[in-house]
Amino acid sequence: MNIKSYNFQNKRALVRVDFNVPLDNKGQVTDDTRIKMSLPTIHKILNDGGSIVLMSHLGRPKDEPNPQFSLSQTIPCLEKLLNKNVIFCNDCIDHKSISVTQNLLPGQVVLLENLRFYKEEKLGDKDFAYQLSKHGDVYVNDAFGTAHRAHASTSVIADFFPNHKMFGLLLQNEIISVEKVLNSNQHPLTAIVGGAKVSSKITIILNLIEKVDHLIIGGGMAYTFIKAQNGSIGKSLVEDDFLSLALEILEKAKEKNVHIHLPVDALCCEEFNNDSPTKTRDINEIPNNEMGLDIGTESIKLFSNVIEKSALILWNGPMGVFEMNNFQIGTLSIANAIVKATKNNAFSLIGGGDSIAAINLFKLADKVSHVSTGGGAMLEYLEGKELPGIKSIKSS
Ligand code: AMP
């Protein structure tokens, strides 16, 4: 079922959104990005002549109501963005809320209270999912951020809508973007992986090796690969338990004809500190009292060259400690190379955690093809796992 061709006229759409937004201590939304991102789906349903029941979690309440985590705090922001009144139900499954949603008129919008006020939500409780299902004639999942969780509202509930379930526009777009990168025939396909640790990205790297033409490895994790090949990395970040796995990855890449690109130089200093004086060193000749906190100029050239010739690009993880000004150039240059490739018709996907923070910091998010909204969900997708929130919509 495709949301674009579905007609919501006179239908009550129960939509799982991700309104897990940051709030200040007065309960005001400080970043409305997630609410804004749900607007295309909301507008589609309203324009068709349907009504909407929105459900979400907010923060980490301890399985019971807590005003600090009430979704009522998002109502002013939502009403402003929609330019219409929103009805708030202060419980997500009580009789009162069900009678409100069963009598909705086309054009009306309801927001239910935080799903995680019930422990049953995270437990994926069937009966809780059934109670929630009473709110709608059709179920729409538009929350990519929780698609990797088998919770009641993200996955179990879909069973109660066997013929009336679909992805929202945001989630559909996320799926199309990842599938385009992971399962397309366009080449060259380049993945750029960075960040602190090899251990947290190992499954992703192993999955990507099966698919990519080029794998660029930067950031702190690169030093484990350099040390594994007997390079001197000084005090740089390293995971000694992963040295042999790093060699196995290099070997596997060779077998699969994947070109691995490691940094050839690094911007080094003596202290983990923005003001520590820097020197560019060959990557495998870092003195014992120094550490590499960014990739060097030659590595930037090498990586940019590969990126600019790519048709598909996936980026996950910064090239250095981009949070500190003096160690930002590597990550910024890679972001610029991706922007340049995108201008030349490459498709670029920025997925997961800190690379999203970096692309936002550099104000380049609108110059790449797609910036994913789901950190953990995107990482699991890239690892090749089937996400419960996606599986439950696809399965019949
Ligand atoms: P991750 O969450 O694994 O993607 O790691 C992101 C973090 O890695 C960021 O906070 C970066 O500051 C950090 N990072 C990147 N490169 C280095 C490096 N060379 N040394 C230490 N930390 C790094």
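No salt bridges (a side-chain nitrogen of Lys or Arg within 4 Å of a carboxyl oxygen of Asp or Glu) link domain 1 and domain 2: the count is 0. Polar contacts tell a similar story, with 0 residue pairs found across the interface at pLDDT 80 or more for both. Here a polar contact is a pair of N or O atoms within 3.5 Å, in which, within protein, one must be able to donate a hydrogen and the other to accept it, and residues adjacent in sequence count only if both atoms are side-chain atoms.

A word on the model: it is predicted, local features need pLDDT of at least 70, side-chain atom pairs count only at pLDDT 80 or more, and totals for chains, interfaces and linings use all residues. Residues are numbered from 1 along each chain as its sequence is written, and side-chain values use heavy atoms, leaving out hydrogens and water.

The domain bounds, from an automatic or database assignment, are 12–168 for domain 1 and 184–382 for domain 2. Here is how the two meet, with contact meaning heavy atoms within 4.5 Å and buried area being the accessible area (1.4 Å probe) that two parts lose on being put together, summed over both.

| Item | Value |
|---|---|
| Separation of domain centres (C-alpha atoms) | 37 Å |
| Residues in contact | 5 of domain 1, 8 of domain 2 |
| Area buried between domains | about 550 Å², 71% on carbon and sulfur atoms |

In domain 1, Met37, Phe144 and His148 lose the most area to domain 2, together 84% of what that side buries.

Phe144 also contacts residues beyond its neighbours within four places in sequence, among them Leu171, Ser372, Met378 and Ile390.
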